[in-house]
Amino acid sequence: MIQPAEAAADDRPLRTGAEFLDGLKRSKRTIFVNGERVSDPTRHQAFSGAARSIARLFDYAAAPENREVMTFTAPETGAPVWRCWQIPRSHDDLRAKRVAAERWAEQTFGLMGRTPDHVSNFFAGFAAKPQLFEAGGKGFGANVTNFYKFARDNHLYLAYAIVPPQIDRSKPAHQQSDPTLYAGVTRETDAGIYISGGQQLATGAVFADYLHLSCIHPLKPGDEAHAFSAVIPMEAEGLKLYSRRAFPMVANSAEDYPLTSRFDETDSFIVLEDVFVPWEHVFAYRNLAVTFDQWWKTPSHSYGNHQAQVRFATKLRFLSGIAKRLNEATGNDKAPPVMVEMGELAAYASIVENMLYAHEMVGPIDEDGIVWPSKPALYSVMALQSQINPHMIDIVRELSGAAMISLPSSTADFDNPETAADIARYFQSPEIGARDRVRLMRLAWDFIGSEFGSRHQQYEKFYGGASFLVKMNMFRSYDFKRATTMVDQALSILPA
Ligand SMILES: Cc1cc2nc3c(=O)[nH]c(=O)nc-3n(C[C@H](O)[C@H](O)[C@H](O)COP(=O)(O)OP(=O)(O)OC[C@H]3O[C@@H](n4cnc5c(N)ncnc54)[C@H](O)[C@@H]3O)c2cc1C
């Protein structure tokens, strides 16, 4: 486990990719995939590509030339720490956070959702409002602040599992067939609490240092054992990660699956078997109100999803670029109907991107001097993401015809003397040779049609909650009073 940081000088180095990989290699976490217990994710085919991609993010932030963009000065230590931990106190601060998130998202083409700047942003939101946790007693507010500083100062990578399993959603947690089916506290001592049960679905947990375990779904009276908020080191005794099918285990050629092989961050179902959590890592306990309010009465959900929107906008820019190159390769780029379709694609990408500026420009400053991203700007895109993303994908499918399918079976066909000449002849384009064309189409297919691409479509639908819930957030955030006042005014000027 990583030790707390000493107060440090300004030029203190940041955690590097090599340090991240080395820590992961030595970590004794319990990961299962494909019937196997994984001893070293950095060398396992399921995870090694993604581990290297994450390591590059650490290096990017640690590079002196990126320091100004990627870090801010921790007030207590004077040391540079990642921007994602910053609690914005001005619109410029929020803009700086957006730019840093954009830089990291660009390193993965927006294809890794739970990079180290996601859950850290939630914790910046928690730390902005320690009084909410303090109201729950037991010094929980101080616990939040202390853990926030510890994680921030050590450049920690956090993942989270905050949704109950889909075992039987017709009943609340405490009425399940076994009360320890959904992650819940089974006993407490003077030293801490013990948790057992399952929770979904911790993206990136295989690589992270700590897991935030809590519940974002509304809990019911009687569910108090499940109403907590806590962090757990990934090496904790009794904590098990069940990775979903890891796509690089099959789609392992970097040439044929350029995205799968590098960016499959994996999603893990979490199982806890009597996991001990010391009190200092507990932020809410047997408290339905605080467990719920932590997401909505602090800026945590807004900060985390502000970062998620930056990532989404980056990914849509990448998708637009793929579509443009694809049209160029098929020679359709200048056809007016294709330009119209591309205009529609670009319109969606631009709406998402430009709403990021709205988050910053009209984000309110609260009574503690803390800036929140604008909720209407944030939730309006999130509410429609479930429609925008598949629609954009469908436009690219329409534009591509058989371009992503009518390809040699793999790059090995280029190397077979019996097939090489035909492949070079029939898979070329006026703009590019056969090898580059096939590479481009494989990239497009990996984005859109591979198992990795398909998981991404599910991710964009559900990473921020089911769309009916996000639309409820939008319902609560929109200024309907202003809208209905207009209606009243229009009615009032009608003749009596
Ligand atoms: C790829 C991926 C990555 C994820 N990563 C994370 C992560 O890192 N951490 C994490 O904690 N979670 C993560 N999640 C889980 C995510 O938070 C949940 O999937 C999400 O909250 C939706 O919950 P659910 O899956 O239980 O779906 P449900 O809530 O069961 O909803 C599924 C569908 O059921 C219907 N439905 C259910 N209830 C209602 C209702 N009351 N009214 C109307 N319709 C209803 C709707 O059609 C809805 O779309 C991830 C999910 C995916 C798919």
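Student: Let's start with the open sheet of 4 strands: in what order do its strands stand?

Tutor: Bear in mind that this is a predicted model in which local features need pLDDT of at least 70, side-chain atom pairs count only at pLDDT 80 or more, and totals for chains, interfaces and linings use all residues. Residues are numbered from 1 along each chain as its sequence is written, and side-chain values use heavy atoms, leaving out hydrogens and water. Strands (E, at least two residues) and helices (H or I, at least four) are DSSP runs numbered from the N terminus, and two strands pair if DSSP finds at least two bridges between them. In this sheet the pairing is mixed, and the order is β5-β8-β9-β12.

Student: Which strands of that sheet are left without a neighbour on one side?

Tutor: An edge strand here has a single partner strand, so one of its sides has no neighbour in the sheet. From one strand to the next, the twist averages 25 degrees (axes are lines fitted to C-alpha atoms, for helices over the stretch in contact, and angles run from 0 to 180 degrees between N-to-C directions). The strands at the edges are β5 (158-161) and β12 (282-285).

Student: Which residue of β12 is the bridge partner of A230?

Tutor: Strand β9, residues 228-233, pairs with β12 in the antiparallel sense over 3 bridges. In β12, the partner of A230 is V282.

Student: What angle does α7 make with β12 as it packs on this sheet?

Tutor: Helix α5 (residues 119-128) packs on the sheet as well, touching β5, β8 (210-213), β9 and β12, where contact means heavy atoms within 4.5 Å; its direction makes about 85 degrees with that of β5. Helix α7 (residues 140-153) also touches β5, β8, β9 and β12. The angle between the directions of α7 and β12 is about 145 degrees.

Student: Which residues cover the two faces of β5?

Tutor: In a regular strand, side chains alternate between the two faces of the sheet. In β5, both faces are covered by buried residues (under 20% relative accessible area; over 50% is exposed and in between is partly exposed, with a 1.4 Å probe and protein chains only). On one side stand L158 and Y160, and on the other A159 and A161.

Student: And which residue of β8 pairs with A159?

Tutor: β5 and β8 run in the parallel sense, paired over 4 bridges. The bridge partner of A159 in β8 is L211.

Student: Now the open sheet of 6 strands: which are its edge strands?

Tutor: The strands of this sheet follow the order β2-β1-β10-β11-β7-β6, with mixed pairing. Each edge strand pairs on one side only, and these are β2 (36-38) and β6 (184-188).

Student: Why is β10 described as largely enclosed, and how many of its residues are buried?

Tutor: On one side, β10 pairs with β1 (residues 30-33) in the parallel sense over 3 bridges, with F32 and Y242 as bridge partners. It is also joined to β11 (residues 267-278) by 5 antiparallel bridges, and L241 stands opposite I270. Strand β10 (residues 239-243) is largely enclosed by the rest of the structure because its buried residues number 4 of the 5.

Student: Which helix gives the largest share of the lining of the largest cavity?

Tutor: The search finds 3 cavities of 30 Å³ or more (a cavity is a set of points on a 1 Å grid over the protein atoms alone where a 1.4 Å probe fits but cannot get out). The largest has a volume of about 120 Å³, the space filled by probe spheres set on points joined across faces, edges and corners. Of its 13 lining residues, which have an atom within 4 Å of a point, the closest to the centre are C84, K97, A100, A101 and D117. The largest share, 5 residues, comes from α4.

Student: And which helix gives the most to the lining of the largest pocket?

Tutor: This pocket, an open set with protein on both sides within 12 Å along at least five of seven lines, has a volume of about 1200 Å³. Of its 44 lining residues, V163, Q200, H217, G465 and A466 are the closest to its centre. With 6 residues, the helix that gives the most is α17.

Student: Last one: is Y426 buried or exposed?

Tutor: Y426 lies in helix α14 (residues 417-426). Because its relative accessibility is 54%, Y426 counts as exposed.
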